[in-house]
Amino acid sequence: MTVQVGIIGVGAMGADHFDRLTERVAGARVVAVADVDLARAQALAAGSSDVRAYGDGQELIVDPAVQAVVVVTWGRFHAKDVVAALEADKDVFCEKPMAESVEDCRRIVDAEVAHGRRRITVGFTRRFDAGYRAMKAELDAGTVGAPLMAHCVHRNATAPPYGFTEDQFMTDSAVHEIDVCRWLFGQEMAAVRVMRPTPTTAGTPGLQDPQFLIMETAGGAVIDVEVFMNCGYAYDVRCELVAETGTLSLGEPTPVVIRQEGARAGPITPGFLERFALAYDRELQEWVDGVAAGRVIEPSAWDGLAATMVSTACVQSLHGAGRVEIDMPERPKFYRSG
Ligand code: ISE
């Protein structure tokens with residue numbers, strides 16, 4: 001079965017998903033694209049045969065040719081399209097964060113519960129990366145015992161050009177580590193604190209960069225995350241997990257090491273699209289395979305809600321609230337199995 005997909009939002013990330021669904025993901029066909037910039041949607045559609053272009057996501061959702069919807073608009077606009085897709089009885093892949101506000105996340109979760117069947121997957125790509133998956137497999141196999149701490153690094157060479165805000169360090173960037181650490185540790189986050197290190201002179205004046213996040217899990221583990229949006233040199237993501245009898249570290253993604261003139265060097269990926277290229281392919285392939293088989297893969301809408309609850313607490317801490325506790329509700333039965 002070929003899954004007929006519609007993509008809402010075809011800016012940089014949406015166009016990238018268009019390419020992978022068209023060229024690399026088996027069993028999928030993009031039949032429609034939508035963007036508030038209709039000309040952009042039309043330009044993308046014009047390059048392929050039989051792709052319809054819309055200026056409004058709601059029109060794409062009700063197109064009978066569209067069986068499943070990929071939502072790649074700005075986070076603050078996700079809820080409207082995700083809920084409408086559920087109402088139209090369609091599967092949804094929603095980019096991260098699922099929504100920027102806890103209220104919007106709850107709206108999505110409530111709509112899915114009311115719908116009666118899980119239909120939503122959230123694009124927390126790190127869960128599809130071979131390195132993080134290998135760490136999770138070792139942890140689950142008990143290789144190094146129980147996890148106690150983790151040290152994470154999330155560096156972008158430069159902040160995105162679209163007016164990235166101080167809060168987005170947490171809501172758009174650290175949200176990846178929030179999700180992947182919930183998944184690795186198998187625990188919810190109980191409290192967070194965000195610190196403001198000496199700002200880089202390379203950043204936007206007035207914007208706190210870098211930021212340093214400390215999370216406490218419900219079981220008492222401690223996780224630190226450095227988020228540096230203008231580190232200047234490359235896209236560098238690291239994770240070292242410290243457990244009872246050993247540590248697990250994300251391998252270096254450098255494909256080649258060059259030894260020359262008394263030095264040892266290797267390239268580092270410039271951006272997240274290169275660093276996580278295979279993980280992006282895999283998340284959509286597994287989602288398409290799931291849709292074709294009538295099942296939904298994780299991360300779920302509940303994971304989307306939990307991550308936004310944590311990132312919201314981080315923003316409060318960043319703005320002076322100190323250590324912020326998170327009152328995470330118990331995961332409903334509806335969201336307990338994959
Ligand atoms: C961006 O939106 C992403 O999702 C990237 O993975 C992340 O590294 C970057 O910091 C975000 O802005």
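Let's walk through this structure from its two domains down to a few single residues. Keep in mind that what you're looking at is a predicted model.

Start with the big picture. The chain is divided into two domains, and each is assembled from two stretches of sequence: domain 1 takes 3-126 + 278-300, while domain 2 takes 130-272 + 306-333. If you mark the C-alpha centre of each domain, the two points lie 26 Å apart.

How do the domains meet? On one side, 16 residues of domain 1 make contact, and they touch 22 residues of domain 2. The size of an interface is often given as the accessible area lost when the parts come together. Here, the area buried between domain 1 and domain 2 is about 1600 Å², with carbon and sulfur atoms giving 55% of that. On the domain 1 side, Lys96, Phe124 and Arg126 lose the most area to domain 2, and together they make up 44% of what that side buries.

Hold on to Lys96, as there is something else to see there. The peptide bond from Lys96 to Pro97 is cis, with omega near -15°. To find Pro97, look in the loop between strand E5 (91-95) and H5. Further along the chain, Glu298 and Pro299 are also joined by a cis peptide bond, and its omega is about 5°. Pro299 sits in the loop between helix H9 (277-293) and H10.

While we're visiting loops, stop at Asp50. This residue is not a glycine, yet its phi is positive, near 65°. Asp50 belongs to the loop between helix H2 (38-46) and strand E3 (52-54).

Now for the helices. Two packed helices are described by the angle between their axes and the distance between the axes. Let's try that on three pairs.

Take H4 (residues 78-87) and H5 (residues 102-115) to begin with. Their axes are 10 Å apart and make an angle of about 5°. Angles under 35 degrees count as roughly parallel, so H4 and H5 are roughly parallel to each other. From H4, the contact uses Ala79, Lys80, Val82, Val83 and Leu86, and from H5 it uses Asp104, Arg107, Ile108, Ala111, Glu112 and His115. Sorted by class, the residues in this contact of H4 with H5 are 6 nonpolar, 1 polar and 4 charged.

Next, find H1 (residues 12-23) and H9. Their axes come within 10 Å and cross at roughly 65°, and H1 and H9 are therefore roughly perpendicular to each other. This crossing of H1 and H9 is right-handed. Met13, His17, Arg20 and Leu21 of H1 are the residues that meet Ala277, Tyr280, Asp281, Glu283, Leu284 and Val288 of H9. The contact of H1 with H9 has 6 nonpolar residues, 1 polar one and 3 charged ones.

Our last pair is H7 (residues 168-185) and H10 (residues 301-321). They pack at an angle of about 125°, and their axes are 9 Å apart. H7 and H10 are therefore oblique to each other, and their crossing is right-handed. H7 brings Met170, Thr171, Val175, Ile178, Asp179 and Arg182 to the contact, while H10 brings Trp302, Asp303, Ala306, Ala307, Val310, Ser311, Cys314 and Val315. In the contact of H7 with H10, 9 residues are nonpolar, 2 are polar and 3 are charged.

How values were computed
Residues are numbered from 1 along each chain as its sequence is written. This is a predicted model: local features need pLDDT of at least 70, side-chain atom pairs count only at pLDDT 80 or more; totals for chains, interfaces and linings use all residues. Side-chain values use heavy atoms; hydrogens and water are left out. Axes are lines fitted to C-alpha atoms, for helices over the stretch in contact, and angles run from 0 to 180 degrees between N-to-C directions. Helices (H or I, at least four residues) and strands (E, at least two) are DSSP runs, numbered from the N terminus. Angles under 35 degrees count as roughly parallel, over 145 as roughly antiparallel, 65 to 115 as roughly perpendicular and the rest as oblique. A crossing is left-handed if the near helix is turned anticlockwise from the far one by less than a right angle, and right-handed if clockwise. Contact means heavy atoms within 4.5 Å. Ala, Val, Leu, Ile, Met, Phe, Trp, Tyr, Cys and Pro count as nonpolar, Asp, Glu, Lys and Arg as charged, and the others, Gly among them, as polar. Domain bounds come from an automatic or database domain assignment. Buried area is the accessible area (1.4 Å probe) that two parts lose on being put together, summed over both.
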